[in-house]
Amino acid sequence: MAEHELHPDDAAILDRLHAIVEIVDPVPPDVVEMGKAAFMLHHVDAELMTMLDVPVPQGVLRAGLASSRVHFFEHDDVSIDVEVTRRGDFAQAVGVVTDTGDPGLLPDGHIVLETASSSVTVDLDRGRFVVDRVPLGLVRLVLEKGGERVLSTGWFEAG
């Protein structure tokens, strides 16, 4: 068992407690929205990209996986297209970054996939990136160059 994995018995107890809390004392929708807004301010210095979220018909994506979703983000000349595919308890993110205005951005660029509690940095390979074992839940992508945050997506659902 990995260092941060829960024992199956503990996970079952937490699932039952979660179900009880959802019935007895659900989180008000405005609190959820305020929480999402607070996440967006985590690194307010990075420019925020606009998200165009488009459901993709089954059979269009790799291997026809119905649990895939494609997210499109753009800001000026930069775009990030990422396909997020649920694989069991995790997801995989496969994406591409394009920049028609600054070809020098991509060779030294990195993508950081952030969750509320962790982050993973991957190098861009000719603008492409893959992040395996993405935790299900809210994530965002940050484009870095030279250790500086250049652009950030808004938070979106992985899985």
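**Figure 1. A nonpolar patch on the surface of the predicted model.** Let's start on the outside of this structure, which is a predicted model. Seven names to look for here are L6, I13, L14, L17, I20, I23 and V24, which form a nonpolar patch on the surface. Together they offer about 710 Å² of accessible area. To get your bearings, pick out L17, which belongs to helix 1 (residues 8–24). L17 has a relative accessible area of 46%, so it counts as partly exposed.

**Figure 2. The whole chain, from helices to strands.** Step back for a moment and follow the protein chain, which has two helices and eleven strands. Going along the sequence, the pattern reads α-α-β-β-β-β-β-β-β-β-β-β-β. How much of the chain is buried? Of its 159 residues, 31% count as buried.

**Figure 3. Strand 3 meets strand 4.** Strand 3 (residues 68–75) runs antiparallel to strand 4 (residues 78–87), and eight bridges join the two. One facing pair to find is H75 and V78, with V78 sitting in strand 4. The two strands make a hairpin with two residues between them. Look at the turn and you'll find D76, which has a positive phi of about 50°.

**Figure 4. Strand 4 carries on into strand 5.** Now follow strand 4 to its other partner, strand 5 (residues 90–99). These two also run antiparallel, and ten bridges join them. Across this pairing, E83 stands opposite V94 in strand 5. Here again there is a hairpin with two residues between the strands, and G88 takes a positive phi near 70° in it. Is strand 4 largely enclosed or largely open? Seven of its ten residues are buried, so the rest of the structure largely encloses strand 4.

**Figure 5. D99 and I80, compared in sequence and in space.** Stay with strand 5 a little longer, since D99 is found there. D99 has 12% relative accessibility, so it counts as buried, the cut-off being under 20%. Its partner in this view is I80: the two are 19 residues apart in sequence. In space, their C-alpha atoms are 9.0 Å apart.

**Figure 6. One aromatic pair, bridging distant parts of the chain.** Searching the whole structure turns up one aromatic pair. F73 and F156 are the two members, and their arrangement is tilted. The ring centres are 5.3 Å apart, with 45° between the planes. Where do the two partners sit? F73 is in strand 3, while F156 is in strand 11 (residues 156–158). That puts them 83 residues apart, so the pair links distant parts of the chain. Both F73 and F156 are buried.

**Figure 7. A charge over a ring.** This view brings together R133 and F90. The charged end of R133 sits over the ring of F90, at 3.9 Å from the ring's centre.

**Figure 8. The hairpin of strand 6 and strand 7.** Strand 6 (residues 109–114) and strand 7 (residues 119–123) pair in the antiparallel sense, with five bridges between them. To see them face each other, find I111, which stands opposite V122 in strand 7. The strands are joined by a hairpin, with four residues leading from strand 6 to strand 7.

**Figure 9. A salt-bridge network around E114.** How many salt bridges does a search of the whole structure find? The search comes back with two. In one of them, E114 pairs with R140, and the closest N and O atoms are 2.7 Å apart. E114 lies in strand 6 and R140 in strand 9 (residues 137–145), so this pair ties together parts that are 26 residues apart in sequence. Both E114 and R140 are buried. In the other, the side chains of R149 and E114 meet at 2.4 Å, N to O. Since R149 lies in strand 10 (residues 148–152) and E114 in strand 6, the parts tied together here are 35 residues apart in sequence. Is R149 buried or partly exposed? With 21% relative accessibility, R149 counts as partly exposed, whereas E114 counts as buried at 6%. Put the pieces together and you have E114, R140 and R149 linked in a network of salt bridges.

How values were computed
Residues are numbered from 1 along each chain as its sequence is written. This is a predicted model: local features need pLDDT of at least 70, side-chain atom pairs count only at pLDDT 80 or more; totals for chains, interfaces and linings use all residues. Side-chain values use heavy atoms; hydrogens and water are left out. Patches are made of residues with over 30% relative accessible area and no salt bridge: like charges are joined within 9 Å, nonpolar side chains (Val, Leu, Ile, Met, Phe, Trp, Tyr) within 5 Å. Accessible areas come from the Shrake-Rupley method with a 1.4 Å probe; for residues, only the protein chains shown count as cover. A salt bridge is a side-chain nitrogen of Lys or Arg within 4 Å of a carboxyl oxygen of Asp or Glu. Buried means under 20% relative accessible area, exposed over 50%, partly exposed in between (1.4 Å probe, protein chains only). Rings of Phe, Tyr and Trp (its six-membered ring) pair if their centres lie within 6.5 Å; planes under 30 degrees apart count as stacked, over 60 as edge-to-face and the rest as tilted. A charge sits over a ring if NZ of Lys or CZ of Arg is within 6 Å of the ring centre and within 35 degrees of the ring normal. Two strands pair if DSSP finds at least two bridges between them.
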